[in-house]
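Open the model in your viewer and keep the selection panel at hand. The tour goes from helix packing to aromatic rings.

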Amino acid sequence: MSTLLETPPSPTYTTTLKVPPPHSFDCIFTRLKDTKQHSWIIRKQALAWLRNQVQTNLHLFNVETLSPLAGVLEVQLRDLRSAVVRDACLTVTLLSSELGNAFATCQPALSRTLLDLAGVGNTSIKEMTNKCLMHLFTKTQTPSAIEVVLGILGTSKNPQVLHSGFLAIEIVVRVWARQHWIDSLSALVRMVERGIENASLRVRTCVRQVYQTLTSQCPQACTELLNRLDKKTRSKLTGVGCKAKSKSGRAPRSTSFRKAREMARRGSMQRELSTPA
């Protein structure tokens, strides 16, 4: 059974049967842009039309039709209904898969929106948009999208947004053609240097993954980064030099602590010996 009616129909639901199926991009843009006049069901139909067209009439997706597409897709991604967001994510995923780098005109704006949604409270929407973001960066490559992600990483304090941003950067370095990101190498290294100091363990772990991927691509830049870091920060980034854990799973106590404990034990013994029976 279709999940079309997973939420209560909008007040305009009774009029949806009178609306003809979409037949052109102009019709699609009109229905997706105005969320007040067109119900969420009509907008889901419009998104389904886009998915069908990219699979059957790929030649229709050109600069003229793609330029306004990012804006109307952003509106659907920010919808409060998970059903609409799901369809929007499916549409972005399919468009990026079918169009590849031809979808580059939409990638920067969609990247910003999807990263913003990584910090929302709705778990379902967060998972869908994060998966969509990773797929978008795997299939489409444009340098301007890197600038968007780096800008967000430099300003956001939300650990979930930072985590998703660094995941996207790791995909860039690992998957993208080198010429698409090498001009941003200095900025990437600076962001790694900043990110490894983040309070979130999840973010630091992701930053370490970015560093390891960068090491295989640009070893000299990574060596220069390590040379200017202090020992503690270097250990965080490489995982080398961290204190080993005992068999119990706890970090070993410091030498000064053991000495202080031993002195306290000896003092206690001396007081017992000096105390009259």
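Start with H8 and H10: H8 passes H10 in a left-handed crossing. This is a predicted model, so read each stop with that in mind. The two axes lie 11 Å apart, and H8 and H10 pack at an angle of about 25°. That angle makes H8 roughly parallel to H10, because angles under 35 degrees count as roughly parallel.

Now show side chains. On the H8 side, select Leu150, Leu153 and Gly154; they meet Ala187, Leu188, Met191 and Arg194 in H10. By class, this contact of H8 with H10 holds 5 nonpolar residues, 1 polar and 1 charged.

Keep H8 (residues 143-155) and add H9 (residues 159-175). How do their axes cross? They come within 10 Å and cross at roughly 145°. The crossing of H8 and H9 is left-handed. From H8, select Ile146, Val149, Leu150, Ile152 and Leu153. From H9, add Val161, Leu162, Gly165, Phe166, Ile169 and Val172. The contact of H8 with H9 counts 10 nonpolar residues and 1 polar, with no charged residues.

Next, the aromatic rings. How many aromatic pairs does a search of the whole structure find? It finds 4.

Select Phe25 and Trp49. Their ring centres are 5.4 Å apart and their planes stand at 85°, so this pair is edge-to-face. Phe25 sits in helix H1 (residues 25-33) and Trp49 in helix H2 (residues 40-56); the pair links distant parts of the chain, 24 residues apart. Are these two residues buried or exposed? Both Phe25 and Trp49 are buried.

Move to Phe137 and Trp176. Here the ring centres are 5.8 Å apart and the planes are at 15°, so the pair is stacked. Phe137 belongs to helix H7 (residues 123-139), while Trp176 is in the loop between H9 and helix H10 (185-195), so the pair ties together parts 39 residues apart in sequence. Phe137 counts as buried at 0% relative accessibility. Trp176 is also buried, with a relative accessible area of 4%.

Return to Phe25 and add Phe29, Trp49 and Phe61: these four form one aromatic cluster.

Finish on H1. Colour its buried residues: Phe25, Cys27, Ile28, Phe29, Arg31 and Leu32. What do they pack against? Show H2, helix H3 (63-66) and helix H4 (69-77): the buried residues of H1 pack against these helices.

Note on methods
Residues numbered from 1 in each chain as written. Predicted model: local features only at pLDDT ≥ 70, side-chain atom pairs only at ≥ 80, totals over all residues. Heavy atoms only, no water. Axes fitted to C-alpha atoms, helices over the stretch in contact; angles between N-to-C directions. Helix = DSSP H or I, 4+ residues; strand = E, 2+ residues; numbered from the N terminus. Left-handed = near helix turned anticlockwise from the far one by under 90°. Contact = heavy atoms within 4.5 Å. Nonpolar A, V, L, I, M, F, W, Y, C, P; charged D, E, K, R; others polar. Phe/Tyr/Trp six-rings, centres within 6.5 Å; stacked < 30°, edge-to-face > 60°. Buried < 20%, exposed > 50% of the residue type's maximum accessible area, 1.4 Å probe, protein only. Parallel < 35°, antiparallel > 145°, perpendicular 65-115°, else oblique.
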